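This report concerns the charged residues of one protein chain and their surroundings. The sequence and the structure come first.

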Amino acid sequence: MSFSVTTWEDGGTNQGLLPYLVALDQYQLEEFKLCLEPRQLMDFWSAPQGHFPHIPWANLRAADPLNLSFLLDKHFPKGQAWKVVLGIFQTMNLTSLCEEVRAKMKGNVHTQELQGPTQEDVEMLEAAAGNMQTQGCQDPNQEEPEELEEETGNVQVQGCQDPNQEEPEMLEEADHRRKYREKMKAKLLETWDNIDWPKDHVYIRNTSEGEHEELQRLLDPKRTRTQAQTTVLVGRAGVGKTTLAMQVMLHWANGVLFQQRFSYVFFLSCHKIRYMKETTFAELISLDWPDSDAPIEEFMSQPEKLLFIIDGFEEIIISEPSSESLDDGSPCTDWYQELPVTKILLSLVKKELVPLATLLITIKTCFVTDLKPSLVNPCFVQITGFTGEDLWVYFMRHFEDSREVEKILQQIRKNENLLHSCSAPMVCWTVCSCLKQSKVRYYDLQSITQTTTSLYAYFFSNLFSTAEVDLADESWPGQWRALCNLAKEGLWSMNFTFDREDTELEGLEVPFIDCLYKFNILQKGNDCRDCITFTHLSFQEFFAAMSFVLEEPRELLPHSTKPQEMKILLRDVLLNKEAYWTPVVLFFFGLLKKNLARELEDTLHCKMSPRVTEELLKWGEELVKAESASLQFHVLQLFHCLHESQEEDFANKMLGHIFEVDLNILGDEDLQAASFCLKHCKRLDKLRLSVGSHILERDLEILETSEVDSRMHAWNSICSTLVTNENLHELDLSNSKLHASSVKGLCLALKNPRCNVQKLTCKSVTPEWVLQDLILVLQGNSKLTHLNFSSNKLGATVPLILKALKHSACNLKYLCLEKCNLSAASCQDLALFLTSIQHVTRLCLGFNQLQDDGIKLLCAALTHPKCALERLELWFCQLGAPSCRYLSDALLQNRSLAHLNLSKNRLGDEGVKFLCEALGHPDCNLQSLNLSGCSFTREGCQELANALRHNHNVKILDLGQNDLQDDGVKLLCEALKPSHRALHTLGLAKCNVTTACCQHLSSVLSSSKSLVNLNLLGNELDPDGVKMLCKALRKSTCRLQKLGIPKDLHSVVREEIQTSQEGLCLKLKCAWDFNDLEDKWWW
């Protein structure tokens, strides 16, 4: 058997920085992202060799804290990521978070989490390695030196022993090590021989030269010559984790692996030892010792020469499911202290028991997150199982005819889920066994491999269609229910091995069990000969799913809990996105296929329940109606489930209530599922579709013609939804990587007269020429009202876009060109555009280097009588005070512009003064003004206060992230108190406001009849200040509905206002929600 490994290291960012990123509110998170721009980083961070990483803005803007941590990992070296985060927190004045990060960084220095080896470290390691070799202790990843092998003629016998050492004690020590190796070799081979593998299956003794090289570098997968002390083998069930771990042990026992590195290797099977009573660590590692007592003192004297292989750690997690029980009590450091085995193993994993020992741990993918917190500097190795070459070799062993094998593999590749499952050797055996059956070998191959469920169903159906079992006909339904219940209950309790008591409890009869043994559906347990297990986890998952569709006896129906259990599983997979139950749910939907159900009924002598589909449809209606489901509902996963069923009518009913779909198409499986389901979303209003590059672009040149045709057919089917669905009004293709053929299909759909798309978003779409094709198609489209081309390097494309939008039939109202690499020169084209049409009312140009010269050109257009612009966003455009002078003049002449966003520009007090010349004029129509992060102070606040005394049109004013301090806010309050009746939203986040200002704010709250939103987040307020605010909140004249203050002060507010006026409805915010229109303030 061969295997493929890919590695990733847990460098501390995901696990270490994530809590600090999660602690940011949405407002702070957006500011943090802006600070990652190279121009911002220059202010506080010195990049290595002056190279500042550039993170695509589309990726940054869409990133939540978890994905942001991944971006930091990708673009910054480990230590630099921490320094950058600390620098940004300092820039944002997040004092407490800065202190926490500094403390963590100091602690990380001792555990070497922060940074990888410097050049000096590498040189030191190389020198040390050279010294070790000259002293006869070579690089641990290499085998015996060639000259030593020539002298001894047998590497296996010499092991780690210095050939010049002849003392009797050393000979005796080598002798008992040799006996231990021999015993472990014999034990492992016996264990493997006793496994009831099907014929022609993979065998551990057959190890190729390439596989042996993989084993050699398993503890140093990146070839850094510094072995990880904790290596974790991660993978799906059945891909070869245990096989690989056993190979390591066997090769060491044979004397051909890690002989210089480890004196002793211990193999600890978690499944076997988790049932043990309390024991000591010394007794635990002595279980396999031959003859006499194990030399514990010798082990303790050289811990760095010990390797512990811990196989199947999920068994420990299952036995101690709560994190509290896993981390209970003081550290275990005594080798002779009696403790539960789970406690001993956890102490070993946490490096409390033998800190200098090396660990090799195997664990299933879905349990990794439970293990991670206990590990110290781990290196994770992803075990991917069979490669494409392995599949060919394996299938050739079964079919011999290369043309037949190619035909089979070609069909399997069309089913991405099945192809992925075939990385597990036992699934390959299942596929081969199914297709080798005389009944189906030349049957319609496409229908058998269409879904994973169909292949498994045909496999089991063919096995039992001619089976001779000493079982009465009336007993079959009961036996299948018993087997399926055993599988289901095992998954509920995370139990994959069953003893005789379990089978007797479910009522399984001996003839039926013998039949399951014969067909390799069940096999005897590895470590317990009286136990049984499903030959592969997927078999257990299939029968667990089957338990939900089998007809139950009428007398049991009133007491059945299966409908409730089914809803729990669906909620876990479709709402909570838990991977553990996903295969079961997919099999469950696959078994709803009518012809498949009939086939199983005929061959397995069982009956499927007709009520399951009705119950699912009711649950589907409940799902889309639930308000909480809108944010969590995993639509693409539901699409996969419905595609697995292949029931068009059922899909049509299930999807009839869905109005919005968000799809990330990352593989052919996603593409096929979307193609199958979107046509059934008849009431769909908004579709967001992000297509991965390898789906429609890179692979097309290397894929076979049939696969290309299949993908393009699926893509064209998706595009046709734009034509056939009259309710579809919004299309978002952001972050898509398209191809010439795919763009052609998209353009044909968009220019079809029946297409009703009104809003089109194409952020960060590649290649760039795609936008040119789209804009030519959209020229003269009277239905399109919103167009967003943000985060694209438009360059010379801008004039083409604007020319197309000038078409007389065009009815565009909203144009967003945020972060499109526009310059001051681009503003000339934009100015001409604004003066030639009257229907565009919203223009977003944020995050472009327009500078003052560009704004001058735009302002000339704003004064033109034909300009109908109502909203203009110019945030982070490198504007200064001169831009404010041009805008002020324009505002005095423009009667339509009501909303202006100038945030993140260094306007200063001078710039604010220029703006206020227009703002203070009673005829200025501006209603929303965002000046957050504009670098002005108390003097600018004085100008704003004077202007607001004369202007009663401003409704929204955001002054956050400016150094206003108490004096500046006091001036503002004086202007707002008397008679300002318009302002309903005031933003003062992170303005260095203290409790001293709360009395003035309280006066405003008491007297204002319009103020409903006040943001004070990020200011140094204390309970006394908040109590002053609450005095105003209790008054009947106060209209405030939403107040942003630190979370630790929420309880103070609640206590103070609990006896306040009736009807007071106040929302306390500890984070401003940018998905809430009221919080966002800007479109």
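The text below goes from the whole chain to its salt bridges, then to one helix and to two glutamates.

## The chain as a whole

The model is predicted, not experimental. The chain contains 53 helices and 24 strands. Of its 1083 residues, 56% count as buried. The accessible surface of the chain amounts to about 46800 Å², and carbon and sulfur atoms account for 48% of that surface. Contacts between residues at least 6 apart in sequence join residues at least 24 apart in 80% of cases.

## Salt bridges

The structure holds 16 salt bridges. Three of them, including one within a single helix, are listed here with the separation of the closest N and O atoms or the N to O distance.

| Acidic residue | Basic residue | N to O distance |
|---|---|---|
| Glutamate 182 | Arginine 178 | 3.2 Å |
| Glutamate 406 | Arginine 413 | 3.4 Å |
| Aspartate 668 | Arginine 711 | 3.5 Å |

In the pair of arginine 711 and aspartate 668, the side chains meet in a salt bridge. This pair links distant parts of the chain, with the two positions 43 residues apart in sequence numbering: arginine 711 belongs to helix α40 (residues 705–724) and aspartate 668 to helix α38 (residues 668–678). Are these two partners buried or exposed? Both arginine 711 and aspartate 668 are buried.

A network also occurs: Asp175, Arg178, Lys179 and Glu182 are joined into one by salt bridges that share partners. Within it, glutamate 182 and arginine 178 both lie in helix α11 (residues 168–194). They are four residues apart, about one turn of the helix. Glutamate 182 has 45% relative accessibility and therefore counts as partly exposed. Arginine 178 is likewise classed as partly exposed, because its relative accessible area is 33%.

The salt bridge between glutamate 406 and arginine 413 has partners of intermediate exposure, as the next two values show. Glutamate 406 is partly exposed, with a relative accessible area of 27%. Arginine 413 is partly exposed at 28%.

## Helix α38

Which residues of α38 are buried? They are Asp668, Asp670, Leu671, Gln672, Ala673, Ala674, Ser675, Phe676, Cys677 and Leu678. Because 10 of the 11 residues of α38 are buried, this helix is largely enclosed by the rest of the structure. Asp668, the salt-bridge partner of arginine 711, is thus among the buried residues of α38.

## Two glutamates: 314 and 504

Glutamate 314 is part of helix α17 (residues 314–319). Its relative accessibility is 7%, so glutamate 314 counts as buried. What does glutamate 314 contact, leaving aside its neighbours within four places in sequence? The contacts are Thr362, Ile363, Lys364 and Phe367. Glutamate 314 and threonine 362 are 48 residues apart in sequence, while their C-alpha atoms are 8.5 Å apart in space.

Glutamate 504 lies in helix α28 (residues 500–506). At 56% relative accessibility it passes the cut-off of over 50%, so glutamate 504 counts as exposed. Glu504 also takes part in a negative surface patch, together with Asp499, Glu501 and Asp530.

In short, glutamate 314 is buried, whereas glutamate 504 is exposed.

Methods: Residues numbered from 1 in each chain as written. Predicted model: local features only at pLDDT ≥ 70, side-chain atom pairs only at ≥ 80, totals over all residues. Heavy atoms only, no water. Patch = residues over 30% accessible without salt bridge, like charges linked within 9 Å, V, L, I, M, F, W, Y side chains within 5 Å. Areas by Shrake-Rupley, 256 points an atom, 1.4 Å probe, with all protein chains shown as cover. Salt bridge = Lys/Arg side-chain N within 4 Å of Asp/Glu carboxyl O. Lys, Arg positive; Asp, Glu negative; His and termini not counted. Charge placed at Lys NZ, Arg CZ, Asp CG, Glu CD. Buried < 20%, exposed > 50% of the residue type's maximum accessible area, 1.4 Å probe, protein only. Contact = heavy atoms within 4.5 Å.
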